[in-house]
Amino acid sequence: MHNNYQTTKPIAHKRRRFNPFMRKFKLNNADLAFIAVCLVVTIYLTLVQPLFVSVFGCAALLFFGLWQISRTVPVLEKLFGSKIRFWHLATAVITVTALLNNFPTPAQAVFLSGLEQFMTNLASEAGAAGGGTAVDASTIALIFNAIRGVFLLLSCYAAKPDKQHCLCF
């Protein structure tokens with residue numbers, strides 16, 4: 001006689017697709033709800049207050065950079081054979097910031113900002129002195145933007161090691 005007390009099929013538990021993802025990052029359902037709320041708030045703030053989102057993005061980049069630096073410090077300590085202290089990093093950051101802050105003039109010279117302002121002032125003064133119509137400032141800006149574009153294309157072309165396959169020209 002066959003004794004079968006099981007009258008129903010066993011319940012097969014379906015695994016969710018994101019279970020490995022949740023296990024990998026150690027997330028639970030409360031975390032998912034918090035992430036969803038953060039995403040909704042971020043989308044709302046992007047639409048309503050884009051300046052806040054840009055400031056928040058810059059802060060996030062800053063903290064991501066600090067995290068990367070903190071991960072790199074042990075490798076550098078092994079490489080240099082000495083302990084790297086906070087003031088070493090602070091001195092390096094302050095020095096780089098000071099150097100980059102004190103040399104903005106070459107970038108302005110390359111992109112002809114001063115010359116564009118001079119030409120705009122010259123055109124407006126010449127129009128006022130001559131009694132005629134002055135050259136529109138947007139026309140001068142358009143000409144200088146075209147010059148900048150040609151400069152960037154030529155820089156791209158010059159930077160390519162194999163100039164035959166350059167996408168610029």
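Okay, let's start with a question: are E116 and R148 buried or exposed? Both of them turn out to be buried. Keep in mind as we go that this is a predicted model.

So what do those two do with each other? Their side chains meet in a salt bridge, with N to O at 2.5 Å. And look where they sit: E116 is in helix 6, which covers residues 113-130, while R148 is in helix 7, residues 137-159. That puts them 32 residues apart, and the pair links distant parts of the chain.

How many salt bridges does a search of the whole structure find? The number is 2. Besides the one between E116 and R148, there's K83 with E77, where the closest N and O atoms are 3.9 Å apart. That pair still counts because the cut-off is within 4 Å. As for the setting, K83 is exposed, with a relative accessible area of 55%, and E77 is partly exposed at 21%. E77 isn't classed as buried, because that word is kept for values under 20%.

Okay, moving on to the surface. Which residues make the nonpolar patch? They are L62, F63, L66, I69 and L89, and together they give a patch of about 460 Å². Helix 3, running over residues 50-80, gives the most to this patch, with 4 residues. Take I69 as an example: you'll find I69 in helix 3, and it's partly exposed, with a relative accessible area of 37%. I69 can belong to the patch because patch residues need over 30%.

That's my tour, thanks for listening!

Terms used:
Residues are numbered from 1 along each chain as its sequence is written. This is a predicted model: local features need pLDDT of at least 70, side-chain atom pairs count only at pLDDT 80 or more; totals for chains, interfaces and linings use all residues. Side-chain values use heavy atoms; hydrogens and water are left out. Buried means under 20% relative accessible area, exposed over 50%, partly exposed in between (1.4 Å probe, protein chains only). Helices (H or I, at least four residues) and strands (E, at least two) are DSSP runs, numbered from the N terminus. Patches are made of residues with over 30% relative accessible area and no salt bridge: like charges are joined within 9 Å, nonpolar side chains (Val, Leu, Ile, Met, Phe, Trp, Tyr) within 5 Å. Accessible areas come from the Shrake-Rupley method with a 1.4 Å probe; for residues, only the protein chains shown count as cover.
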